[in-house]
Structure formats: C-alpha cells, structure tokens
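Visitor: I'm new to this one, so could you show it to me and then talk me through a few spots?
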Amino acid sequence: MKLSVLGTSHRTAPVDVRERFALPAEAARDLLRSVRAESTFDEALVLDTCNRTEIYLVADGPRDCMAYMHEHYQRLKQVSMADYLSAFYCYHDLAAAEHLFRVAASLDSQIVGEDQIIGQVKGAYRMAVSEGSAGLVMHRLFHRAMCVSKQVRTETQLSSGAVSVPQAAVELARQVFAPLAGKSVMLVGAGKTAELAARNLAGCGVGHIVVANRTLSRAQQLAAELLEGELGPCLPAEQPEPAESLLLDGVCVRPLRSPDEPPACPTAGPLTTEAISLEGIPQALLRVNMMICSAGSPDPVLTWENCSRILRRLTKPLLIIDIALPRNVDPRLNALSNVFLYNLDNLNALVTANLDRRRREIPQARAIIEHEVQSFGRWLDSLTVVPIIKLLQQHFEQLRSAEIKRYGHQFSDNEQLELFAQSLCKKILYKPLVFLRDISQENDGPESQAAMEVIRQMFDLDSVDGQNGTPAG
Amino acid sequence: MAVLVTLTNWLLPLLYLGLLIDYGTTFFLRTRTASRNPLLPVVLVVHALFLVLRSIHEGRPPMVHGHEILSILALSTAAVYLVLEIAVRDRRAGVFIVLLVFLFQYTSSVFVGDHTGAQSGWARAHIIPAIIAYTAFAVGAIHGILHLLAHRNLKRHSVGVLFDRLPPVELLGKMSWCALVVGFIFMTVNVATGPLLLKYVNAADSGAAQAAWHVEPRVALKIIAGCTAWIIYGVAIAGRSFARWPMERISGIGVLGFAITMIMIIGSAFLP
C-alpha cells in the first residue's frame, strides 16, 4: 500500500497562491467522487482549511499523485500546478503519516497549539467517509491522527495559555475572578478586538455587558448586536481532561470545540446588555467587575481626577484592560488597591510568554508523534502480508474442495466430512498465518519479505488464481 | 494497642508527605486543578482513627500536651481545607495548606512522649474553641500570603512561575476573610472561657493559699497570645467592615497576627 500526501500551506505559499488551489466543500467532494470513479487511487481525502489544502491518496502500488492532481486541477479549477511547483510539497508512506500527525497536533499551524485544526481534520475525514473514498488505510491513519492530537493536548502544555489579545483578556479575568459566571463587563468603544474579548467572556459565563460609547445610539446598537451575536469559545481553565469522549467509529477522540458546540463554561443566566454614554462611565464603575477599553479617543476616558475618588470606594477587584492607542485609562489608576490595569504591552507580554511555553513543549509533542509514526509503520508493513494470506487460504480451500469431491462418495455422512476437512485445514494453516502476521509486524522489511517469498514458493502461490484459489491456466 | 498507636503516629507524617507531593504535582504541572483530591478524605479518616486510638490508649482526649494539640491542629486544618476545596473546586492552594499540616503533624509525631495528664471539662471548653480559632487563623494566614502574592503579581503584570498557578485573587481574598472571621468568633469564645478556666484550675490545684488569678509564666504568655490575636483580628474586621480597608491590608494583618501569635505560643513552651 502506498500512502501519499500532496499539498500547499502557509509555510510554502502566500495566500494568493493558496486560494488558487483551495478545494472548498463542493470541489473537494467532486475530487473524491472522481477518484472513486476512476480507481487510479483506492482511497482519497481532502483537507482544506484557510492555511492549507492537502490531498491524501492511497494506492496499491506506486502512483504519480502529482501528475494526477495536475490533471484534476486543470479540469476542476482551470489552474496549472506546473506554474506553482515550489508551492507544493509531497510526502509518501511514513513521511505522509508523520506530516498528518504534526498537522493534527497543531505543530504545523501558524499558532502552535491552536485547537481549530483537529475539528477541520475530523470534518475532512467525515466527508471522505460519506463519499465512500476512505478505506482501511484512511480509517486507521485518521483515527490515529485524532488520538495523537488528544495525547499531545493532554500530556503536554502545547495548547495551554492565551495566544491572542482576546484570549489573554479571558485568562487575566480568570486570574482575578472566581467564578466568571455572573460577573459584569463594561465595553468602552467599538473596537473589534474588545468586542471579541467581550464575546469570549460572555461565552465563559459573564452575565452582563455594559456598552459605553460616545453616542448613546451607537452604544445601544452595539449592545443589541452583542445580544444577538454568537458567544465566543471558552478557553479551558486548565489542561483538557479526557472527559466525556466522542466516539468516532468506535475510536475514542477528545471532545472538539467547534463554533456549533455550546460553550464549555456554565452561565449564571441569560446574557443581558446595557448601553450608556461616556459620561455615565464613572458611576457605572462600581457596578462592573471588568472593563475593556478600545475607544478611539485622543485623551484618556478614565482619568485620575474623575475616577480615583470613586475607585477608592471599591471593595471588590476591578480589572481594566486598555487596548486603545492612545490609552483610554490613566496609568496612575493602577496604584489604587483594588484596580488591576493592563495595557497592550502587558497583554502582549502575556501572549509572548504563553507562546514561549508552547514552543518548549514541542520536543515532547514530537516524541509522541515519532512513537505513533513507528506504530503506524508497523501496521502498514503488516498489510503487505494480507494478499499472501488470502492466496494461502484460497489455495487450501481449493485443495479441501477437490479432495472432498474425490473421496466424498466413500463416506455416508458428507456433512461430517466437510466439518472435518474445514477443521483440519484451519489447524494446518493456523501456525503459518500467525507466523506471517507476527513477522510482518515485528521485523524490518527485507526479513518479512523473505519470509513471504518462502511461503509463496513453498505453496506455489504464484500459480494460484487470486479470484478463486485455483491454479492459473 | 501501644504498637498500633506508635505505628499510626509515624504513618501520618508519611501520608501527609504523600499528599504534599500530590498537591505539589498539581501546582507545578497545572493538572487536575479543578477536581477534588480523593486521597485527602482518606488521610483525614486515618488521622481521626489515630486520635481515637490514642484516646483509648491514654484514657483521655489527646488535647493536653503541646504535641497533642499540634496533631489536632493538623487534623482540623486539613479538614477545613477539605471543606474549602469541595466548596470552591480549586485545589491550587492545597500545596501550601498541606505543607503546614505536614509540618504540624511531623512536629507532633517527633515530639510525642509518654505523658499522662487529666483534663477538666472547663479545659476542654477552652481548648476546643482555641484549636478551631488557631486552625482558622492558620488557613487564613496561608490564604493571606497567597492573596498578597497574587495581588502583587497582578499589580506588577508579572507572568512568571506563579502567574496562573495561584487561585484567583478574588477567591484568595474571600478565603482569607472568611477564615479570619471564623477564627475571631471562636477566639472570642476562647478569651471568654479563659478566666473561668483559670479560676477553676487555681481553686482545684492550690486550695485557699494560692491567689485566684495566679498564672505561671508559660500560661501567661499563652493568654497574651490569645488576647493579642483577638485584638489584631478584631481591628482587621472592624477596619474592613467600617472603614472599607482593602483586602490586601486585611490579608497582611492576618499573616502578621498569625505569625505573632505562633511565636508567642511556641515561646511559651520554653518558659517554666
């Protein structure tokens, strides 16, 4: 069996090249149907994301996947691969498996440890299964890829820690408040990053969002949009536990967080929003637990003069995240006991520290992948023995049938004779079959190949017709 | 029975050491931070059984001598922490609490002796609230230290070793405050029963020749320690309730108060 992967990614091509060769859902299905119809390859799968397009192919012998895909891209998308050869990579057998495991474990992602990729891998696998283009090798390969992904996430810190500013806001909130459910957040300004952070916090159980804007009508509009929009995903507070499992064709995989899944954190109740103007901010400070500031104002919105007296009355912590430039919050306010003020530099330092921590986990993740690649390699090698086993079984079945036909009339009970013959053949074949399976899994290629050649010659299997076990000719 | 008591006496520090390692793993590897520790209740049951066995062996409740008080203090601190862990579902502070418990129990196990001593009902009425109060102060002090550390980290925007290993600062403040209030309530009972116990002991021990309020230096220092703790924590509670003192100040007072009290109590062991 020959496994190949041909693809392009953010590492090898810019977006304007990648988009020429992207295979979104319908195009991917067309390709899978073509592969199934043409039978050049036995199995196929398309993995298409915003950062990569990869085609996985399995054949029973060497095939030129590059030439095959070149022809298909010409037909499907009227684009020539020959003009962009340097944008493509092609791996075979164990290298292809290792590549997939690295992709599934998010080692090949733009942000190492990101968790969107495993959902995309799962989606690609499901599409191949539904189109009937996934067979023995794809099932095994992608099941193992999902298990590798789960193992890397649970045994390393590769996916822990915030790696974006909105995520960092949630992580900081978790360091200050317990629990997040029921807390209230004030959003100052209309920045997209701040809005995303607010949605993430709402997804983690924050119950009330106060929107402050220069004009009240704009604040009301934003408040309504937040109420109608989708809640953001909630970062796990710790390393993912192997909790309730999701069975995928009988194989246990980690629960995946995709946009259509409910947030992981419980909410105190339905989300409520409120709109105020900038002038109402000082009075609202005592009612909220957290502020995210992103107003495009040349002067600070919260100054020492207009807020310090009010903030001194705080009896609970107030987390202020100021991601505006120029800053919206007077930095002197951080000196107040119950105020924790973070600006863009502070958040970026947190993100950088988390990225560094993830990078330090890469060697351990690679070790897990290497172990799994070796295991997959042994399984792949064991497949070479399958045709020999089939031929051997067919040969003995033919011998059994021929002898019963010759001597059966001399026995009164043919049924008993059939049972006896079947049992005898099975017992004779048992040791050779176990030997073949064991040697293909435990030994290097040449030794198992030599063993199979001995079996082939011993029983003259080359002369056996693969269809019905009869000698050819 | 004596052999069983001795064996359990040495088993307990080992069990708490095992717990300490487990909590340390949680703290440093950031794993299982939101789940309860199944080992802690088991160790507490063993500890409680040890005290029962000791009571049977000694023929009295084990709360007369210093090492016995330390063992009870270890048990009560661990029990209080178990309740907190179940309530807040966060065991990141566990390594610090269990470290203190381990030190209490190790000291108790090392300095155990073949003491005898009777104890009156008044003594128990005084000592039990004292144990609860000091347990609460110990738990409060640990949470207070962690609160101050977490507070400082957030103020300085530090992303070092402790950043996401400590429980949230709000939670630490709440735990510190609750422990302080509970400790103050029981210390009030302790201070109130103290003079009654003293009068009873003097009347029983020395008859009419001894002044009713005569105290030994060792006992005097313990009385001062209890009153000092009561005053310090009372001031902290009043400051928070009426003057809205910030929680970091309350945590600092709680830590200081516990340290002063412990120094006095340990110092009393060296006095006649």
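Guide: What follows is a short chat about the backbone and the contact between chains. This is a predicted model, in which local features need pLDDT of at least 70, side-chain atom pairs count only at pLDDT 80 or more, and totals for chains, interfaces and linings use all residues. Residues are numbered from 1 along each chain as its sequence is written, while chains are lettered from A and ligands numbered from 1 in the order in which they are written.

Visitor: How many residues does the contact take from chain B and from chain A?
Guide: Chain B gives 18 residues and chain A gives 20 residues, two residues being in contact if their C-beta atoms, placed from the backbone, lie within 7 Å.

Visitor: And which element has the largest share on the chain B side?
Guide: That is α6(B), with three residues; helices here are DSSP runs of H or I with at least four residues, and strands are runs of E with at least two, numbered from the N terminus.

Visitor: Switching topic, where is A:Pro179?
Guide: A:Pro179 sits in the loop between α7 (165-176) and β5 (184-188) of chain A, and the peptide bond leading to it from A:Ala178 is cis, with omega near -5°.

Visitor: What about phi at A:Ser106?
Guide: A:Ser106 is not a glycine, yet its phi is positive, about 65°. Most residues other than glycine have a negative phi.

Visitor: Is A:Ser106 buried or exposed?
Guide: A:Ser106 counts as buried because it has 24 C-beta neighbours inside 10 Å, where buried means 20 or more other C-beta atoms within 10 Å, exposed 12 or fewer, and partly exposed in between, with C-beta atoms placed from the backbone.
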